Structure formats: C-alpha cells, structure tokens
Amino acid sequence: MAERFKEWKAPDIKEGELTKWNWMVQHADRLKLGKHVDIGAFTYINAKNGITIGDRCQIGSHCSLYTVDTIGGKDGPITMEDGSCLGTHSTIMPGVTIGKDAIVGAHSLVLTDIPSGCIAHGAPAKVVKERETP
Amino acid sequence: MAERFKEWKAPDIKEGELTKWNWMVQHADRLKLGKHVDIGAFTYINAKNGITIGDRCQIGSHCSLYTVDTIGGKDGPITMEDGSCLGTHSTIMPGVTIGKDAIVGAHSLVLTDIPSGCIAHGAPAKVVKERETP
Amino acid sequence: MAERFKEWKAPDIKEGELTKWNWMVQHADRLKLGKHVDIGAFTYINAKNGITIGDRCQIGSHCSLYTVDTIGGKDGPITMEDGSCLGTHSTIMPGVTIGKDAIVGAHSLVLTDIPSGCIAHGAPAKVVKERETP
C-alpha cells in the first residue's frame with residue numbers, strides 16, 4: 001500500500017461544494033466510495049444515477065463522471081471496479097463500467113465499458129493492450 | 001422544457017469568483033446570458049471581447065470560452081446561438097459562432113464557426129453531420 | 001511588455017488552496033515562479049519533485065503539471081523555460097522540459113521534452129514546426 005494511504009480517511013463530501021482537495025460531487029448520496037481512493041483537483045462527479053468507485057481507485061485532476069448526459073440524452077450508472085484508474089482530463093459517460101485494475105489514460109473520453117486489466121485511452125477511448133498482472 | 005428549468009433563475013455572477021455551481025466569468029459585464037442556460041462546474045468564461053449565449057444553451061463542465069488568446073494573439077467575440085450545446089472539456093476560441101441548435105461534442109477545440117443544426121467534434125472541431133430536426 | 005503585466009505582482013499562493021484566480025498548487029514550496037507569468041483558472045500544479053517556471057511564461061486554464069504520476073509510476077521535475085507557453089486543457093507529465101519560447105497548443109498531453117522555439121501540440125504532443133523568431 002502506498003505510503004500516502006496509511007492515514008487515508010474517507011473524504012468529507014458536501015453536496016455541490018468543493019472538498020478540501022477542490023473536487024466536487026452532485027447527488028452525493030448516490031456515490032459509493034471505496035477505501036484508499038484518490039480523486040484529483042477540479043474533478044466533477046454527477047452521481048444522479050448512481051456511481052460506485054471501488055477500493056484503491058485513482059482518478060486524476062480535471063475528470064468528469066457523468067451519470068446523466070443532458071446534451072446526448074443518456075442516463076445510466078457508472079462503476080469503477082477495484083483498482084481501476086482514470087487519467088487526468090478524462091470523462092466517463094453514463095452507463096460505463098471500468099473493469100478491475102483497468103487503466104484509462106489521460107485525456108480520454110470513455111463511452112463504452114473497459115474490460116478488467118486492460119489499458120485504454122483516446123477520445124473515444126479504445127483498448128490498447130491487456131495489462132500485465134503486477 | 002426540461003423539468004430542471006421550471007424553476008430556472010438567472011445565475012448570480014460575481015466578477016472572477018466561483019458561482020454556486022463552481023464556474024467563473026471574467027469581464028462579466030460583457031457576458032449576455034439567455035434563459036434556461038446550463039453551465040457546468042469548472043467552466044471558465046473570459047468575456048473581454050463580448051460573449052452572447054442564447055436561450056436553452058448547454059455548456060458542460062471544464063469548458064473554456066476565450067474571447068482573447070494571449071498566446072496566439074487573437075481577439076474576438078463569441079456567440080452561442082439559441083439551443084446550441086458544448087460538451088464537457090471543450091474550448092471555444094476568439095471570434096467563433098456556434099449556430100442555432102448545433103452540438104459540439106465533448107473534448108473539442110473549436111477554432112472556426114459551427115453552422116446551425118450541425119454536430120461537430122474533435123480537436124480541432126469538424127462538422128460530422130447535419131443534425132436532424134427534432 | 002503586455003499592458004497587463006505593468007502592475008504584475010508575484011501571486012499569493014497558499015498550499016492546496018485556490019488562489020484569487022482559482023488555480024492551485026500542491027507542494028508550493030518546491031515551485032519556483034518567474035516574473036510576468038500568467039496562470040489560468042482551474043489549473044492544477046503538483047510540484048512535489050520541483051517545478052521551475054521562467055519569466056514571461058503563460059499557462060492556460062484547466063492545465064495540469066504533474067511531477068508525480070501515481071498511475072503510471074513516474075517521478076521527475078518539470079521546467080518551463082523563459083517565454084514558453086502552455087495552451088488551455090494541457091497536461092505536462094513528470095520529467096518534461098518545455099524549451100525557451102516554445103508553444104504547446106491547447107488540449108495537449110506532453111510526455112516528452114519540447115525543444116526551444118518550437119510549436120507542438122496533440123495527445124501526445126508532437127513538434128509541428130519551428131517557431132519563427134518574433
């Protein structure tokens with residue numbers, strides 16, 4: 001376990017307000033957050049249709065997780081399974097699941113599920129390789 | 001009209017400060033905002049050379065609207081006509097008009113005008129299809 | 001010198017808090033900032049391994065400068081030499097140097113050094129041309 005998680009505590013999240021790390025959540029009552037999760041500054045999470053973020057997930061700065069897309073007219077929950085990671089400046093759209101230990105590279109737009117253990121990136125995000133088991 | 005607009009009120013904008021939705025405007029006195037407009041968290045609007053945003057426009061999180069580009073040396077007003085939409089993580093550069101009901105997809109960099117009713121995306125943004133009339 | 005720099009003063013930076021322009025720095029004691037530097041709203045700077053930003057540098061809104069990448073497992077200092085510019089929505093990863101007067105276009109992901117005087121953009125950022133001497 002990384003050194004910085006030894007004193008990890010669940011973040012204090014107030015509906016629609018910046019946390020002390022300057023990320024924010026709307027519909028915070030529908031966000032289920034695992035342990036030892038890192039979320040970067042200026043990340044926006046809209047959990048209207050439910051978001052589950054597993055243990056040891058990492059989310060970079062400037063990400064957006066949308067469970068409702070009022071422009072494209074889509075709704076659906078988002079799941080980031082244990083150990084999955086989302087690089088800086090990436091977006092996850094409604095209905096998407098990021099599989100266990102999958103890594104989504106920086107500046108990605110994730111429209112479809114990313115299987116467990118894969119590495120994906122791009123806009124739209126595509127799988128570029130299976131991740132080697134650590 | 002979407003349910004969430006039934007109680008829509010013009011946002012309270014203070015020069016250079018975060019609104020209650022955590023987006024911000026510089027030169028707010030030169031921003032003309034229509035009715036039933038949605039603007040997402042962490043969006044930055046620089047209205048130095050004038051910005052007009054029409055009725056029913058939607059702007060995602062993490063967008064930037066620049067009427068002055070101090071790196072490239074460009075200046076010019078920005079117009080988003082009625083019903084036009086800008087996806088999350090998109091940038092509009094000086095002098096650009098987004099036509100009526102046009103949709104700019106997520107993660108786009110808009111350097112040139114987008115005609116009414118079209119769908120465009122990319123960096124730089126290009127028209128990918130005419131939008132079907134709803 | 002641009003008009004807006006005539007009254008330029010070094011910004012007041014408090015560890016992990018938004019400045020009055022709504023950008024933020026972590027490990028602020030390891031950030032060395034030159035004169036007449038512009039940094040845009042919602043930019044995130046993680047200076048854990050040291051960041052040097054030279055005189056007259058411009059950094060757009062929504063940028064991220066990472067000297068530590070906990071997803072990819074990289075660490076290293078970042079240098080932006082005098083007069084270099086970083087467009088809106090761009091990311092600099094650990095260990096990268098942006099050369100003197102180089103320009104990185106908007107929406108770029110900078111993984112490798114950018115030589116002095118060049119223009120580069122893209123994800124990943126690639127040099128597209130030598131910059132003409134002004």
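In chain B, strands β16(B) and β17(B) form a hairpin in which four residues lie between the two strands, and Gly122(B), located in the turn, has a positive phi of about 110°. The model described here is a predicted one, and the geometry of this hairpin is therefore that of the predicted coordinates. The pairing within the hairpin is antiparallel, with four bridges joining strand β16 (residues 118–121) of chain B to β17(B). Within this ladder, Ile119(B) stands opposite Lys129(B) of β17(B). Strand β17 of chain B, which spans residues 126–130, is hardly covered, in that the count of buried residues among its five residues is zero.

A hairpin of β16(A) and β17(A) is found in chain A, again with four residues between the strands, and here Gly122(A) takes a positive phi near 110°. Four bridges in the antiparallel sense pair strand β16 (residues 118–121) of chain A with β17(A), and among the residues involved, Ala120(A) has Val127(A) in β17(A) as its bridge partner. Strand β17 (residues 126–130) of chain A is likewise hardly covered, since none of its five residues is counted as buried.

Chain A also contains an open sheet of five strands, arranged in the order β1-β4-β7-β12-β15 with parallel pairing. The edges of this sheet are occupied by β1 (24–26) and β15 (109–110) of chain A, each of which has a single partner strand, so that one side of each is left without a neighbour in the sheet. Within the sheet, strand β4 (residues 44–46) of chain A runs parallel to strand β7 (residues 64–66) of chain A, and the two are joined by three bridges; in this pairing, Ile45(A) stands opposite Leu65(A) in β7(A).

Turning to the relation between the chains, chain B can be laid on chain A with an RMSD of 0.0 Å by a turn of 120° and a shift of 0.0 Å along the axis. For chain C and chain B, the superposition likewise requires a turn of 120° and a shift of 0.0 Å along the axis, and leaves an RMSD of 0.0 Å. Chain C and chain B are thus related as by a three-fold rotation axis. The copies use different surfaces in this arrangement, as 20% of the contact residues of chain C recur in chain B.

The contact between chain C and chain B takes 15 residues from chain C and 12 residues from chain B. On the side of chain C that touches chain B, five residues are nonpolar, nine are polar and one is charged. In the contact of chain B with chain A, 15 residues of chain B meet 12 residues of chain A, and the side of chain B that touches chain A divides into five nonpolar, nine polar and one charged residues. Only 20% of the interface residues of chain B are also interface residues in chain A, so these copies, too, meet through different surfaces.

As regards confidence, the predictor assigns the complex an ipTM of 0.93 and a pTM of 0.95. For chain A, the mean pLDDT is 95, and 96% of the residues reach 70 or more. Where pLDDT is low, the predicted coordinates should not be read in detail.

Definitions and conventions: Residues are numbered from 1 along each chain as its sequence is written. Chains are lettered from A and ligands numbered from 1 in the order in which they are written. This is a predicted model: local features need pLDDT of at least 70, side-chain atom pairs count only at pLDDT 80 or more; totals for chains, interfaces and linings use all residues. Two residues are in contact if their C-beta atoms, placed from the backbone, lie within 7 Å. Ala, Val, Leu, Ile, Met, Phe, Trp, Tyr, Cys and Pro count as nonpolar, Asp, Glu, Lys and Arg as charged, and the others, Gly among them, as polar. Copies are superposed by least squares on the C-alpha atoms of residues with pLDDT of at least 70 in both. Two strands pair if DSSP finds at least two bridges between them. A residue is buried if 20 or more other C-beta atoms lie within 10 Å of its own, exposed if 12 or fewer, and partly exposed in between; C-beta atoms are placed from the backbone. pLDDT is the predictor's confidence in each residue, from 0 to 100.
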